[in-house]
Amino acid sequence: QVKLVESGGGLVQPGSSLRLSCAASGGTLPYGIGWFRQVAGNERSAVSCINRASRHTYYTDSVKGRFTISVDNAKNTVYLQMDSLESEDTAVYYCAAVPCDFQGMGVSHVWGQGTQVTVSS
């Protein structure tokens, strides 16, 4: 079974950038990969996804123009480039295999450990 592992989080100042990685092991990346985030005490919410077959991408409104999702098939890895970070982006970020098209993304019931992103001055 393919396992997805997130990395790349950290503590940065507002306006900074981070690149998160979602690496697949034990098999090939699923066709649809989504990024989600969760603030303590809140539900997990969808951020972005990419469909490796159709190349469709989706972004939630709050990150459009600031985040970019991409895939490196040779490295079996999906990236989330996060620019112009805001304090509201502070959360634990997770990646998961989900259906994805330009209109939205599905849900997952399988989660990894995630990677913490903290945006603070």
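Which residue in E6 does Cys-49 stand opposite? That partner is Tyr-58. Keep in mind that this is a predicted model. The briefing below follows strand E5 and its two partners, then turns to the largest pocket, a buried threonine and a few loop residues.

**Strand E5 and its neighbours**

- E5 spans residues 45–51, and five of its seven residues are buried, so you can think of this strand as mostly covered.
- On one side, E5 pairs with E4 (residues 32–38) in the antiparallel sense, with six bridges between them.
- E5 also runs antiparallel to E6 (residues 57–59), this time joined by three bridges.
- Cys-49 is a handy landmark here, since it stands opposite Gly-34 of E4 and also opposite Tyr-58 of E6.

**The two hairpins**

- The hairpin of E4 and E5 has six residues between the strands, and Gly-41 takes a positive phi there, near 90°.
- Ala-40 also sits in the loop between E4 and E5.
- Ala-40 counts as exposed because its relative accessibility is 76%, and the cut-off for that label is over 50%.
- What lies 8.3 Å from the C-alpha atom of Ala-40, 52 residues away along the chain? It's the C-alpha atom of Val-92.
- The hairpin of E5 and E6 has five residues between its strands, and Arg-55 lies in that loop.

**Positive phi outside glycine**

- As background, most residues other than glycine have a negative phi.
- Arg-55 goes the other way, with a positive phi of about 70° although it is not a glycine.
- With a relative accessible area of 48%, Arg-55 falls between the 20% and 50% cut-offs, so it gets the label partly exposed.
- Ser-84 is another non-glycine residue with a positive phi, near 50°.
- You'll find Ser-84 in the loop between E8 and E9.
- Ser-84 is partly exposed too, because its relative accessible area is 40%.

**Thr-77 in strand E8**

- Thr-77 belongs to strand E8, which covers residues 77–82.
- Is Thr-77 buried or exposed? Its relative accessibility is 8%, under the 20% cut-off, so Thr-77 counts as buried.
- The Thr-77 side chain reaches the backbone oxygen of Lys-75 at 2.8 Å.
- Leaving aside neighbours within four places in sequence, Thr-77 is in contact with Ser-21, Cys-22, Ala-23 and Leu-29, as well as Ser-70, Val-71 and Asp-72.

**The largest pocket**

- If you're scouting for open space, the largest pocket holds about 350 Å³.
- Its lining is made up of 16 residues, and those nearest the centre are Val-2, Lys-3, Leu-4, Val-110 and Gly-112.
- Two elements give two or more residues to that lining, namely strand E1 (3–7) and strand E9 (91–97).
- Of the elements, E1 gives the most to the lining, with four residues.
- Sorted by class, the lining of the largest pocket has nine nonpolar residues, five polar ones and two charged ones.

Definitions and conventions
Residues are numbered from 1 along each chain as its sequence is written. This is a predicted model: local features need pLDDT of at least 70, side-chain atom pairs count only at pLDDT 80 or more; totals for chains, interfaces and linings use all residues. Side-chain values use heavy atoms; hydrogens and water are left out. Buried means under 20% relative accessible area, exposed over 50%, partly exposed in between (1.4 Å probe, protein chains only). Two strands pair if DSSP finds at least two bridges between them. On a 1 Å grid over the protein atoms alone, a cavity is a set of points where a 1.4 Å probe fits but cannot get out, and a pocket is an open set with protein on both sides within 12 Å along at least five of seven lines; lining residues have an atom within 4 Å of a point. Grid points are joined across faces, edges and corners, and a volume is the space filled by probe spheres set on the points. Ala, Val, Leu, Ile, Met, Phe, Trp, Tyr, Cys and Pro count as nonpolar, Asp, Glu, Lys and Arg as charged, and the others, Gly among them, as polar. A polar contact is a pair of N or O atoms within 3.5 Å; within protein, one must be able to donate a hydrogen and the other to accept it, and residues adjacent in sequence count only if both atoms are side-chain atoms. Contact means heavy atoms within 4.5 Å.
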